[in-house]
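Work through the exercises below with the sequence and the 3D structure at hand. Each task is followed by a solution in steps.

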Amino acid sequence: MGRTMTEEEWRAFLAHGTRTGKLATTRRDGRPHVVPIWFVVDGGDLVFTTAARTVKARSMRRDPRVCVCVDDERPPYAFVMVEGTARFVDDAAELLRFATAIGGRYMGAARAEEFGRRNAVPEEVLVRVTPTRVSAEDAIAE
């Protein structure tokens, strides 16, 4: 049956571990587009980087409404779905800071700087997703 997570619980769920988010955007012709992303939480926002010419980046520039789903694939299963608005941050120092933080989260502290330098380049963009609605369920299979 599951239970609804509190705000404190879903914020902790998003901030800890190395779960991959699944970002949903809408293509120009209306077709959905879903891709995995690595992200960090900053304040209330989900923050990630992507190449400026990807389908997701082009879609978010046209329509900033997005949805990110993060799940725990282990029993008893859980998920947090964040509907929100994406905005691009044009700041090289912030791009490096967050690319490094993302690298540390997913690749480990020893490779954080390497990942940050690799992804803090002019071809990459920094994206902040500000939540407008959150759905979060825990212990789905109990």
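**Exercise 1.** Is Glu-7 buried, partly exposed or exposed?

Solution. The model is predicted, so its values are computed from predicted coordinates. Glu-7 has a relative accessible area of 45%. Partly exposed covers the range between 20% and 50%, so Glu-7 is partly exposed.

**Exercise 2.** Find the salt bridge between Arg-11 and Glu-7 and place the pair in the fold.

Solution. Begin with the distance: N to O is 2.8 Å for the side chains of Arg-11 and Glu-7. A salt bridge requires a separation within 4 Å, and this pair forms one. Next, locate the residues: both lie in helix H1, residues 7-15, four residues apart. That spacing puts about one helical turn between them. Finally, check accessibility: Arg-11 is partly exposed at 32%.

**Exercise 3.** Which parts of the chain does the salt bridge between Arg-19 and Asp-72 link?

Solution. The closest N and O atoms of Arg-19 and Asp-72 are 3.7 Å apart, and the two form a salt bridge. Arg-19 sits in the loop between H1 and strand E2 (21-26), while Asp-72 belongs to strand E6 (residues 65-72). The pair is 53 residues apart and links distant parts of the chain. Asp-72 is buried, with a relative accessible area of 15%.

**Exercise 4.** Assign each partner of the Arg-65 and Asp-63 salt bridge to buried or exposed.

Solution. The closest N and O atoms of this salt bridge are 2.8 Å apart. Arg-65 has a relative accessible area of 60% and is exposed. Asp-63, at 16%, is buried.

Note on methods. Residues numbered from 1 in each chain as written. Predicted model: local features only at pLDDT ≥ 70, side-chain atom pairs only at ≥ 80, totals over all residues. Heavy atoms only, no water. Helix = DSSP H or I, 4+ residues; strand = E, 2+ residues; numbered from the N terminus. Buried < 20%, exposed > 50% of the residue type's maximum accessible area, 1.4 Å probe, protein only.
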